[in-house]
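Colleague: Could you take me through one part of this predicted model closely, starting from a single side chain and its surroundings and then widening the view to the element that carries it? I would also like to hear about the covalent cross-links.

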Amino acid sequence: MSSQYRAATWVANHDSNAGIDESEDRIIRRFALATFYFATNGDEWIHCGRNSTRCDKSQEWLTGVNECDWYAIECNDDESHITGVFFRKYYIQIAKHY
């Protein structure tokens with residue numbers, strides 16, 4: 001079971017924000033973040049993995065809230081693009097292709 005398969009299954013079956021009214025770009029962003037989550041063993045994260053006890057529930061990953069509100073995610077002002085992912089020692093800045 002690859003990270004991509006687990007992410008696709010989550011988007012298709014459990015993501016309450018991946019409905020028909022969501023843009024294709026948003027669904028792709030949520031799929032990409034879910035793939036990252038599963039590839040890095042997100043269920044084992046100390047902070048803000050699913051059902052984490054050390055997280056503000058409004059920032060927990062793989063929930064129905066806007067992905068820009070998930071822990072360590074930075075977005076532009078209108079929340080149309082992810083601009084960075086910040087995890088303690090690591091900061092991944094997303095290249096601007098728009």
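Modeller: Leaving aside neighbours within four places in sequence, arginine 29 is in contact with Glu67, Glu79, Ser80 and Ile82. With one of these, glutamate 67, the contact is also polar, since the side chains of arginine 29 and glutamate 67 make a polar contact at 3.1 Å, which falls within the cut-off of 3.5 Å. Arginine 29 has a relative accessible area of 15% and is therefore classed as buried, the cut-off being under 20%.

The residue belongs to helix H2, which runs over residues 24–39. The length of H2 can be checked against its ends: the helix has 16 residues, and at 1.5 Å a residue the expected span is 22 Å, because one less than the number of residues is counted. The end C-alpha atoms of H2 are 22 Å apart, so the expected span and the model agree.

Arginine 29 is not alone in being buried in H2, for Arg26, Arg30, Leu33, Ala34, Thr35, Tyr37 and Phe38 are buried there as well. As background to reading such a list, an α-helix has 3.6 residues a turn, so residues three or four places apart point the same way. The cover over the buried residues of H2 includes helix H1 (3–13), together with strand S1 (73–75) and strand S2 (82–87). After H2 comes asparagine 41, whose phi is positive, near 55 degrees.

Turning to the cross-links, a search of the whole structure finds 2 disulfides, and in general a disulfide is a covalent bond between the sulfur atoms of two cysteines. One of them joins cysteine 48 to cysteine 55, with an S to S distance of 2.1 Å; this link is right-handed, with 95 degrees about the S-S bond, and cysteine 48 and cysteine 55 are both buried. The other disulfide is formed by cysteine 68 and cysteine 75, whose sulfur atoms are 2.0 Å apart, and the link between cysteine 68 and cysteine 75 is left-handed, with -90 degrees about the S-S bond. Cysteine 68 has a relative accessibility of 10% and so counts as buried, again because the cut-off is under 20%. When the bonded cysteines of the protein chain are numbered in sequence order, the pairing reads 1-2, 3-4.

Note on methods. Residues numbered from 1 in each chain as written. Predicted model: local features only at pLDDT ≥ 70, side-chain atom pairs only at ≥ 80, totals over all residues. Heavy atoms only, no water. Helix = DSSP H or I, 4+ residues; strand = E, 2+ residues; numbered from the N terminus. Buried < 20%, exposed > 50% of the residue type's maximum accessible area, 1.4 Å probe, protein only. Polar contact = N/O pair within 3.5 Å; in protein donor to acceptor, adjacent residues only side chain to side chain. Contact = heavy atoms within 4.5 Å. Disulfide = S-S within 2.5 Å.
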